[in-house]
Amino acid sequence: MIEEETLVLDLKSKSKQAQAFEVLVNTYKERLYWQIRSIVLNHDDADDVLQNTFIKVYKNIDGFKGDSKLFSWMYRIATNEALNFIKQRAKLQGVSDTDYQERLVSNLEADVYFEGDEIQLQLQKAIATLPEKQKLVFNMKYFQELKYEEISKILDTSVGGLKASYHLAVKKIQQYLKED
């Protein structure tokens, strides 16, 4: 595995950029895909958003200052791209972001790429009811298994605030699943 500092330097070097970008994509595409997929829920949409994420990373790599890890920076871009995608789709359909998310969850059963069983479908429905920040924190902690410190850098939020958001999200999900 290439050192992150070397990768960043290579990404900023015109002579090494193409090869470094290929390494970047191969190293991070799966983790970023699953973060995006946890927000947009649909495979094809996740692929589109992932592609947009890497385009944005490529275009803005010179602006990466190294204040955070490269992965945290890309994760933030991926998360923002996915949230913007949801907002745009909801606006196009003339519905709220929440209503659009509920439609996505109801379409999961028909998604050939969704490999979950009934319990996982119910979990996704419960997650869809959460406020945006709680949903992000829950997905990053539960599914992506990120540490609070990593999530803090990605979302630019305190660790204490994240722990509270995660705790509230878990309680709401438990309540939803009891009622269903």
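Visitor: Before we look at any helix pair, how are the angle words defined?

Guide: Angles under 35 degrees count as roughly parallel, over 145 as roughly antiparallel, 65 to 115 as roughly perpendicular, and the rest as oblique. Bear in mind that this is a predicted model, where local features need pLDDT of at least 70, side-chain atom pairs count only at pLDDT 80 or more, and totals for chains, interfaces and linings use all residues. Residues are numbered from 1 along each chain as its sequence is written, and side-chain values use heavy atoms, with hydrogens and water left out.

Visitor: Okay, what angle do helix 4 and helix 8 make?

Guide: Axes are lines fitted to C-alpha atoms, for helices over the stretch in contact, and angles run from 0 to 180 degrees between N-to-C directions. The helices are DSSP runs (H or I, at least four residues; strands are E, at least two), numbered from the N terminus. Here helix 4 (residues 70-93) and helix 8 (residues 148-155) cross at roughly 55°, their axes coming within 8 Å. That's why the two helices are oblique to each other.

Visitor: Which residues make that contact?

Guide: Contact means heavy atoms within 4.5 Å. Helix 4 brings S72, Y75 and R76, and helix 8 brings E150, K153 and I154.

Visitor: And how does helix 4 pack with helix 5?

Guide: Those axes are 9 Å apart at an angle of about 95°, so helix 4 and helix 5 are roughly perpendicular to each other. From helix 4 you get I86, K87, R89, A90 and Q93, meeting D97, Y100, Q101, R103 and L104 of helix 5.

Visitor: How far should I trust helix 5?

Guide: Check pLDDT, the predictor's confidence in each residue, from 0 to 100. Where it is low, the predicted coordinates should not be read in detail. Helix 5 (residues 97-107) has the lowest mean among the elements of the chain, 78, while helix 3 (residues 43-60) has the highest, 95. The chain averages 88, and 92% of the residues score at least 70.

Visitor: Which domains does UniProt list?

Guide: Its unreviewed entry gives "RNA polymerase sigma-70 region" for residues 24-90 and "RNA polymerase sigma factor 70 region 4 type" for residues 121-173. Residues 24-90 are 84% helix and 0% strand, with end C-alpha atoms 31 Å apart. Residues 121-173 are 81% helix and 0% strand, with end C-alpha atoms 13 Å apart. UniProt positions are given in the numbering used here, feature names are shortened, and annotations may be inferred rather than shown by experiment.
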